[in-house]
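Dear colleague,

I am handing over the structure we spoke of, and you will find its sequence and coordinates just below. After that come my notes on what was found in it, written for someone who has not looked at it before.

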Amino acid sequence: MKRTNYAGLIDEQYEGQTVVLDGWVQKRRDLGGLIFIDLRDREGIVQLAFSDEISKEALEVAELVRSEYVLEVSGIVKKRAEGAINEHIHSGKIEVQVTDIKVLAESKTTPFLIEDGVDASDETRLKYRYLDLRRPEMQENLRIRSKITAATHEFLDQAGFIDIETPYLAKSTPEGARDYLVPSRIYQGAFYALPQSPQLFKQLLMGAGFDRYYQVARAFRDEDLRGDRQPEFTQLDLETSFMDQDEIRELVGQWVASIMQKTVDYDLDPTDIPVLTWEESMRRYGTDKPDMRFDMELQDLSEMMADSDFGVFSGAVANGGMVKAIVVPGGAEHYSRKEIDKLGKYVERFGAKGLAWLKVTEEGIAGPIAKFFTEQGEAILDATGAHAGDLILFAADKPNVVNPTLDALRRMTAKEMNLIDNQKWAFAWIIDWPLFEYQPEEDRWIAAHHPFTMPNEADLPLMATTEGAHKAHAQSYDLVLNGYELGSGSIRIHRMDIQQQMLSALGFTPESAQEAFGFLLEGMEYGFPPMGGIALGLDRLAMLLAGRDNIRDVIAFPKNSKATEPMTEAPTPVSKQQVEGDLGLQAPEYADTDTPNLAEE
């Protein structure tokens, strides 16, 4: 027998035809002399019917079949009886009356049911990932991912871009996150690094004159994990020459519109994507990746609260801080005092020392701090736009505490109050970023994007000194979708003098800059064109378009939150011979002993 079509695609158009189908047993129902089997493949399910009247031999085999057996069947497509139609599946109006059946493989009882909404832990699903991936929702997730890459290739090919691969084994360069290092057997004591991005190579490709490059690129970063982050991930990466940031944003907008249309059938007008400066985004939303599917913007009350009788507010302003608030529509009735206390506990993780709040009633304001604002109640309501039934949440501290605190509260309360339109796609461009940001934990300045980002033209004079450079803004642009950073891009530095100033402001000496980036700096001496580009996170985009909240659901074989892979148990120790004999490195103490399971350590 040879398969004639996918099981899930068989419908009434095949009535009367003999078909050959392959797939897995989803469910078996024995009605005594009549057996129905739901056969599943990647396209869906079709009902198989077995009886003495159709084929006694096929019925005898069907009696032995169990869930997840792999079958090959041949039979005639017949219409179902009127009362047996299933409108929820493509093949719901027909069944295949099986005349021949072959068991291609048997199956043990699976550790969880192969169905959507399965009740199994993430760790179990990852350990048996090949079973988890049989579930229809997981297969649909990976289909969406495939559609994104197909739309990318089609659009960028037609736009004149050239698909070029860049190396996985590269030089370790200080770009931000920690590198994954690969020791060399031939040059013992030397290491390759897996690329954090193709950034330097794509700039060199522009220097080589390719003008328009793109790649579906793998990237690796040894950093702490979150629900939207993995140690290895995929970028939709492009770079162009001789285009300014407005032209690049226009091109990227058209590219994303093509993806949206071909993936989720959504018509996006790139010219409708709002553009916010970084300062505006921080002022209005407290974050550089605002979720704009709902309102609840931050209100700055610092000037009003400077002379407040409430010392927490006036003290924060006097110490160079700020007072901001958000209004939760209907929150006065929704949140009890106990629940507000839980919110206060939650925001401690952002450095907040507490949470001040007011409820708005028909009579005015109420709550534990209302007594401090007997004369300012109306002014607070006017400034915040709050109405009866609303809840006002305040944060008073330095901006690096106030903004993330209210951003987190804004997202959490909007979700709990069902204020977010989950059918909406809210894109935004965030531009004019600071060129540098200060890291108090490390007591140093770092590049807000990366060390190759071009300053704004107006800020070029600031680059002459380190202090001035730290005040400069960048020709950079992030694309945000529904509160997630979808992509980050910038115009790159193509002039040697500006690149040297940038590296100097980051603390590089001429010698250390040459050691880290000498190959790029030398290339710039041979005439590099103005260039810019962007990288979109494929995993994150697929997660959003699939309606998931964890990127593991759109990656075939992801790592868990401990950066281990439960199915293969990677990473695993290797032998002492490999470490010391082949690589010339010192082996850990447990080498050549009972190998520990690092996933359980």
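Helix H9, which spans residues 311-318, lies across strands S13 (322-328), S14 and S16, and the helix runs at about 40 degrees to S16. Please keep in mind throughout that this is a predicted model.

The strands beneath that helix take part in an open sheet of five strands, whose order is S12-S13-S16-S14-S15 and whose pairing is antiparallel. At the edges of this sheet stand S12 (299-300) and S15 (364-366), each of which pairs on one side only. Within the sheet, S14 (residues 356-361) and S16 (residues 391-397) run antiparallel and are joined by four bridges, and Ala-356 stands opposite Phe-394 in S16.

As to the overall layout, the chain is divided into domain 1 (7-105), domain 2 (139-164 + 196-277 + 427-554) and domain 3 (294-416). The centres of domain 1 and domain 2, taken over C-alpha atoms, are separated by 50 Å.

A residue worth pausing on is Thr-405, which has its place in helix H13 (residues 399-416). Thr-405 counts as buried because its relative accessibility is 1%, and the cut-off for that term is under 20%. Not counting residues up to four places away in sequence, Thr-405 touches Val-347, Phe-350, Ala-352 and Ala-395. Between Thr-405 and Glu-57 there are 69 Å in space, C-alpha to C-alpha, and the two are 348 residues apart in sequence.

Next come the annotated positions. In an unreviewed UniProt entry, the annotation "binding site" covers Glu-175, Arg-221, His-449 and Arg-492, and I looked further at two of these.

Arg-221 is found in the loop between strand S9 (212-220) and strand S10 (232-241). Its relative accessibility is 26%, so Arg-221 counts as partly exposed. If neighbours within four places in sequence are left aside, Arg-221 is in contact with Ala-177, Arg-178, Tyr-180, Gln-196, Ser-197, Pro-231, Phe-233 and Gln-235.

Arg-492, by contrast, lies in a strand, namely S21 (residues 484-492). Is Arg-492 buried or exposed? Arg-492 is buried, because its relative accessible area is 2%, where under 20% is what the term requires. The residues that Arg-492 touches, not counting those up to four places away in sequence, include Gln-199, Lys-202, Gln-203, Glu-239, Phe-452 and Met-454, and also Met-531, Gly-532, Gly-533 and Ile-534. His-450 is another residue that Arg-492 touches, and the side chains of Arg-492 and His-450 are joined by a polar contact of 3.2 Å.

Finally, there is helix H15 (residues 496-505), in which the buried residues are Met-496, Ile-498, Gln-499, Met-502, Leu-503 and Ala-505. What covers these buried residues of H15 includes two strands, S18 (436-439) and S19 (444-447), together with two helices, H14 (466-469) and H16 (510-524). In an α-helix there are 3.6 residues a turn, so residues three or four places apart point the same way. H15 is followed by Gly-507, whose phi is positive, near 95 degrees.

With best wishes

Terms used: Residues numbered from 1 in each chain as written. Predicted model: local features only at pLDDT ≥ 70, side-chain atom pairs only at ≥ 80, totals over all residues. Heavy atoms only, no water. UniProt positions renumbered as here; feature names shortened; annotations may be inferred. Buried < 20%, exposed > 50% of the residue type's maximum accessible area, 1.4 Å probe, protein only. Contact = heavy atoms within 4.5 Å. Polar contact = N/O pair within 3.5 Å; in protein donor to acceptor, adjacent residues only side chain to side chain. Pairing = 2+ DSSP bridges. Axes fitted to C-alpha atoms, helices over the stretch in contact; angles between N-to-C directions. Domains from an automatic or database assignment.
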